[in-house]
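Subject: Structure handover

Hello,

Here is the structure to look through, with the sequence alongside. My notes follow below it.

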Amino acid sequence: MVADAYDAVIVGAGADGPVVAWKLAEAGLSVLVLEAGPFHGNKQWPKPHEDPGAESSSSLDDLSGELLDEQFTTREFEMVNNLLFGPADHRRGFWMRKFPGDGAILQCAGVGGTTLHYTGCHPRAYPAAIDEQGHWPIDYADLIPYYQELEAICEVAPAPVTAKEEVFFRGAAAAGWNLIDEANVTDPGYRPQPNAIRQPDEVLHVDAGYDGDYSAADLTGHTLAVSDISGDPHPRGAPFEEKAKRSSNVSFVPLALGTGNVTIRPNAFVVDVATDGGPTPEATGVTFRDTWSGAVASVDAEVVVLAAGAIETPRLWLNAGLPENEWVGRGLTIHFGDNVMGLWDEDELEGLLGRRTVEQQEGEDIAARFDYPGLGMLQTVGTTPGIGAILGFGASASGFAFQNDTTGEPWDTTGRLVGQELKRLLAGYRRMVQVLVVSDDRPHRRNGVTVQRGVADEHGPIPLVNYRPSEADRKRRDELARIAADILRAAGATHVHRSDSPPTALHLHSTMRMGKVVDDACEAYDVDRLFVADHSVLANGLGGPNPTLTGQAVAARAAEHIQERYFAP
Amino acid sequence: MPRHLLVERLGRYLYEKIRHLVHYKRGDRDLHTKMTFRATVDAVIPRTPELEAELGPEHVPGGLDIGLAEYLVTYVNHGFQLGFPQLGPRGTLSFARPVAKALDVAALKLVLRGHNAEPPSRTFVRPLIEADATASTSLFAAAGPFARLSPEDRLRAIGIVDDIEISVARSEDELFEFNGGLVGQLVVGFAKLIYYSEWQGYENYDEPPSTRIFSDDPGAVQSWRQTGFPGIANGYPALRGYLGTETGSLGDGEVWTTVDVAAEPPVHILHEPGRFRENDYETADFEEVFPEETT
């Protein structure tokens, strides 16, 4: 049951909300977490996309690995439709956001948020992005204790090498780059991904002759089937908390529920933040709408924490009519990205790997990376074919490949691939390695989230997102794409394709920046008792590294400040 | 007025004229939508007899052979919702017709600009109905300007649809406008996602998730036969080891293979996992590669 009042109400159970919930509850506060999407793997919702189920969950005993196994089929099309940002009811479509051009926003709804389809990548920010780029009011050193604590909880460790990573590492070494073994990265080089994924069992070594069913009865850790983007509940048969990929529903939600002080209320879309109306208003609670029934309810809180992510947090602020601030919703960074793909001949692979295929469906999805503070990063990605086709060849800012001349470029083709070319290239699915370009784009005020009266859904005006990279943002990305092509060539790729992707948002941050909208404790400058603890407070794009760990570190830090400011004994 | 605006206005004007002249009945409109989606699928994932000699007969069939266009219409009609209060909590926005309209506008714009490589022709319509024995005459008649372009010109039209703002009437006094970029995402991006995914392997994808029947037979999905994707798996014995050196912390144990012999120390793949080093860091000498003003 959801009560009328709590010490803290948290809006959003994504990567960051559960961290705040756990920290506050551990200190003895009563906490309600409201989540717009469903709760998978929970006995209160045995069919989360078909029946409304129960109202809320407050017990560790509700979590069920068996249900998660059933619901997370790892079939890509089904999982994309179940996880992407929309209501739980499978008969309904995605919630609309308006995004410019051919790009898209890829976020999930549900307990665990976008960590449901993240690939477990948990690197730290680049120290120089925090200390030298002039965006952050706090130092990199302030984050380190939180990094260390959360890395231990999420079991962050160097990712294992399978064939696709070996190809990339050999290419990076041949192209003259050095190995990095450091947690705090200041120079360019390649290294394994620091992944929040339990390492695979040694029985899965290529020389060990494993012939089992990959279930928990047999082994622990990642089972080396590419499925992280599709939810990855492996090993099957493992209890909920023992799944290999440490998404926030697997890592922090059990910790939060284990305190006995946390209630999670899924299928609850927050549509308003209540304030007391003083000269500097104070937050007093929120109003939410049940996504199944449409019923609306309100709840009071001593402190309200917004953790709905870099699109919905500013949308909620704007729709709730909270005080205007020229940086609310502004400064969006998305790691303006690209995709570069290499294809190999069988003979070439035989010499490189000792076998005639790469088999990109094997391994962790993303397990090798290249860092370049000042530019951003590269990471290999193995995908199932549908996601690979849309990510690698589905969209382009430079039109269709047949319209583009690549003379003098380090790639053979660029643009959207279709027809015979698409089918020929994808016939080589098992001989290709894809590299994601993730660039260090900077916050610009023109980029971000606005709302417009009249363009509304059942939760009010929808987010209108604007994003246009600067000239320097573009140069950083293009330079990384060239480095990616060089690495693939150095590894012997016979065909290199560059997407030249339009702006597409997989990593979203900086729309409620620390130092602009919130203070360095993450409390809003213009509303007391209102905190923001999600990726929107990140003052820039961290230099390019995957943002989950830093978002969680800032959220953990905010939780300590909330206790100090409002709940000190 | 700039030329491109003039051309766009003329395109819209002509489109509206044609639309009023033709006076589609609902059934005809649905056929027109279907034909337009077939035309996109035929351009994006066509039949490719040319690949038979090079790659094998399994690489010949395309999207039309597995009903991709019809499913794409359904998906586009049900995949996005704005929960219009006046339509109840499950109100969805049927995008397929406005998408088909936008493609026709883009086709007319392309032709008016003279950017098509071949003249529009009914001969380009015929392959879209070859596989369909039912109602081929009415289907043929329902082909709009987009479907009459050559496959490559259809792609050129998709390429210019981005700058069209499309209006969808939600009710008499409300309009929702969306950016033409969404059209490309739907008819190119989502078409590829669906085609290359497991979608064809369901007996009943329109059923609720818990009652769907899926055959995980790699041979049952046409695109899997074309990509060689071996089907949904619970795991692979694919571990090679952990990157590291013999003196560093990253990996441990015996050398399985060497990645960089020339490096000092050499970089190996080792049998045992290690950890990242908690290093001291210095950022004072950081230099921007491509500087820009801080905001």
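Two strands are said to pair if DSSP finds at least two bridges between them. Please keep in mind that this is a predicted model.

With that term in hand, start in chain A with strand β12 (residues 368–372) and strand β13 (residues 376–381), which run antiparallel and are joined by four bridges. Which residue in β13(A) is the bridge partner of F370(A)? That partner is L378(A).

These two strands belong to an open sheet of seven strands in chain A, with the order β5-β12-β13-β15-β11-β20-β14 and mixed pairing. The edges are β5 (189–192) and β14 (413–414) of chain A; each has a single partner strand, so one side of each has no neighbour in the sheet. As general background, the strands of a sheet pair through backbone hydrogen bonds, in either the parallel or the antiparallel sense.

Helices also meet this sheet. In chain A, α6 lies across β5, β12, β13 and β15 (432–439), and α6(A) runs at about 30° to β12(A). Helix α12(A) packs on the sheet as well, touching β11 (337–343), β12, β13, β15 and β20 (495–498) of chain A. The direction of α12(A) makes about 155° with that of β15(A).

Next, a second group of strands in chain A. Strand β1 (residues 5–11) of chain A runs parallel to β2(A), and four bridges join them. Opposite V11(A), in β2(A), stands L34(A). Together with helix α1 (residues 17–26) of chain A, β1(A) and β2(A) make a right-handed β-α-β unit. Strand β2(A) also pairs in the parallel sense with strand β7 (residues 262–265) of chain A, again over four bridges. There, R265(A) in β7(A) is the bridge partner of L34(A).

Are the faces of β2(A) covered or open? Both faces of this strand (residues 31–34) are covered: V31(A) and V33(A) are buried on one side, L32(A) and L34(A) on the other. In general, side chains in a regular strand alternate between the two faces of the sheet.

On a wider scale, chain A is divided into domain 1 (5–140 + 233–332 + 507–566) and domain 2 (157–225 + 333–498). The C-alpha centres of these two domains of chain A lie 26 Å apart. Their contact takes 53 residues from domain 1 of chain A and 57 residues from domain 2 of chain A. On the domain 1 side, α3, α4, β8 (268–275) and α8 (309–319) of chain A each give two or more residues. The largest share of that side, five residues, comes from α8(A). By class, the same side has 23 nonpolar, 17 polar and 13 charged residues.

Chain A also meets chain B: 101 residues of chain A are in contact with 87 residues of chain B. The elements of chain A that each supply at least two residues to this side include α6 (163–174) and α12 (471–490), the helices described above with the sheet. This side of chain A has 43 nonpolar, 29 polar and 29 charged residues.

Chain B itself has ten helices and six strands. Of its 295 residues, 44% are buried. Helix α8 (residues 151–160) of chain B is mostly covered, with eight of its ten residues buried. Among these buried residues are D153(B), R154(B) and L155(B).

Regards

Notes
Residues are numbered from 1 along each chain as its sequence is written. Chains are lettered from A and ligands numbered from 1 in the order in which they are written. This is a predicted model: local features need pLDDT of at least 70, side-chain atom pairs count only at pLDDT 80 or more; totals for chains, interfaces and linings use all residues. Two residues are in contact if their C-beta atoms, placed from the backbone, lie within 7 Å. Ala, Val, Leu, Ile, Met, Phe, Trp, Tyr, Cys and Pro count as nonpolar, Asp, Glu, Lys and Arg as charged, and the others, Gly among them, as polar. Axes are lines fitted to C-alpha atoms, for helices over the stretch in contact, and angles run from 0 to 180 degrees between N-to-C directions. Domain bounds come from an automatic or database domain assignment. A residue is buried if 20 or more other C-beta atoms lie within 10 Å of its own, exposed if 12 or fewer, and partly exposed in between; C-beta atoms are placed from the backbone. A crossover is right-handed if, with the strands pointing away from the viewer, the path from the first strand over the helix to the second runs clockwise.
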